[in-house]
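Please open the model in a viewer and keep the sequence panel visible. The tour below proceeds by selection, with a short account of what is found at each stop.

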Amino acid sequence: MKSYSKTYSYLCSDDPFVEEGPEYFLDLYRNELKYGKMISSATLYFKQKYPEEYREAGIK
């Protein structure tokens, strides 16, 4: 069975709220390949720069 990235699977879903541009999804995909998570660079920056606030926000 062929496995797809989480980013690709999300894009192919029937979620009507996919309103982000292609740059955002490319960013997610690259980070997924690098870190194994579908996470934006902005979220990674926030997580590294402000770890306590990140935990308090409950972002996963």
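**First stop: Ser40**

Select Ser40 and display its surroundings: leaving out residues up to four places away in sequence, Ser40 touches Tyr24, Asp27, Leu28 and Asn31. This serine is found in the loop between α2 and α3. Is Ser40 buried or exposed? Its relative accessible area is 8%, so Ser40 counts as buried. Now add Thr43 to the selection. The side chains of Ser40 and Thr43 make a polar contact of 2.9 Å.

It should be kept in mind throughout that this is a predicted model.

**The whole chain**

Clear the selection and show the protein chain as a cartoon. Four helices and zero strands make up its secondary structure, and the order of elements from the N terminus on is α-α-α-α. The chain has 60 residues, of which 17% are buried. Switch to a surface display: the accessible surface comes to about 5,100 Å², and carbon and sulfur atoms account for 54% of that area. Among contacts with a separation of 6 or more, 20% join residues 24 or more positions apart.

**Leu44 in helix α3**

Next, select residues 41-49, which form helix α3, and pick out Leu44 within this helix. Leu44 has a relative accessibility of 12% and therefore counts as buried, the limit being under 20%. Which residues are in contact with Leu44, once its neighbours within four places in sequence are set aside? They are Asn31, Tyr35 and Ile39. Asn31 has appeared before, as one of the residues that Ser40 touches. For a distance to display, choose the C-alpha atoms of Leu44 and Tyr54: they lie 9.7 Å apart in space, while the two residues are ten apart in sequence.

**The aromatic rings**

Show the aromatic side chains as sticks. How many aromatic pairs does the structure hold? There are five. One that merits a selection is formed by Tyr10 and Phe25, a tilted pair with 6.2 Å from centre to centre and 35 degrees between the planes. Because Tyr10 lies in helix α1 and Phe25 in helix α2, this pair ties together parts that are 15 residues apart in sequence. The two partners can also be compared by their accessibility. Phe25, at 7% relative accessibility, counts as buried, whereas Tyr10, at 29%, counts as partly exposed. Add Tyr24 to the view: ring pairs link Tyr10, Tyr24 and Phe25 into a cluster. Tyr24 is also among the residues that Ser40 touches.

**Ser5, before helix α1**

Move to Ser5, in the segment that precedes α1 (6-12). With a relative accessibility of 17%, Ser5 counts as buried. A polar atom of the Ser5 side chain lies 3.0 Å from the backbone nitrogen of Tyr8. Select Tyr29 and Glu32 as well, since the next contacts involve them. Not counting residues up to four places away in sequence, Ser5 touches both Tyr29 and Glu32.

**Last stop: a patch on the surface**

Keep Tyr29 selected, and add Leu26 and Leu33. Together, Leu26, Tyr29 and Leu33 make a nonpolar surface patch of about 290 Å². Leu33 lies in helix α2, which covers residues 22-35. Why does Leu33 count as exposed? Its relative accessibility is 60%, and exposed means over 50%. The tour thus ends with an exposed leucine, Leu33, after an earlier stop at a buried one, Leu44.

Conventions:
Residues numbered from 1 in each chain as written. Predicted model: local features only at pLDDT ≥ 70, side-chain atom pairs only at ≥ 80, totals over all residues. Heavy atoms only, no water. Patch = residues over 30% accessible without salt bridge, like charges linked within 9 Å, V, L, I, M, F, W, Y side chains within 5 Å. Areas by Shrake-Rupley, 256 points an atom, 1.4 Å probe, with all protein chains shown as cover. Salt bridge = Lys/Arg side-chain N within 4 Å of Asp/Glu carboxyl O. Helix = DSSP H or I, 4+ residues; strand = E, 2+ residues; numbered from the N terminus. Buried < 20%, exposed > 50% of the residue type's maximum accessible area, 1.4 Å probe, protein only. Polar contact = N/O pair within 3.5 Å; in protein donor to acceptor, adjacent residues only side chain to side chain. Contact = heavy atoms within 4.5 Å. Phe/Tyr/Trp six-rings, centres within 6.5 Å; stacked < 30°, edge-to-face > 60°.
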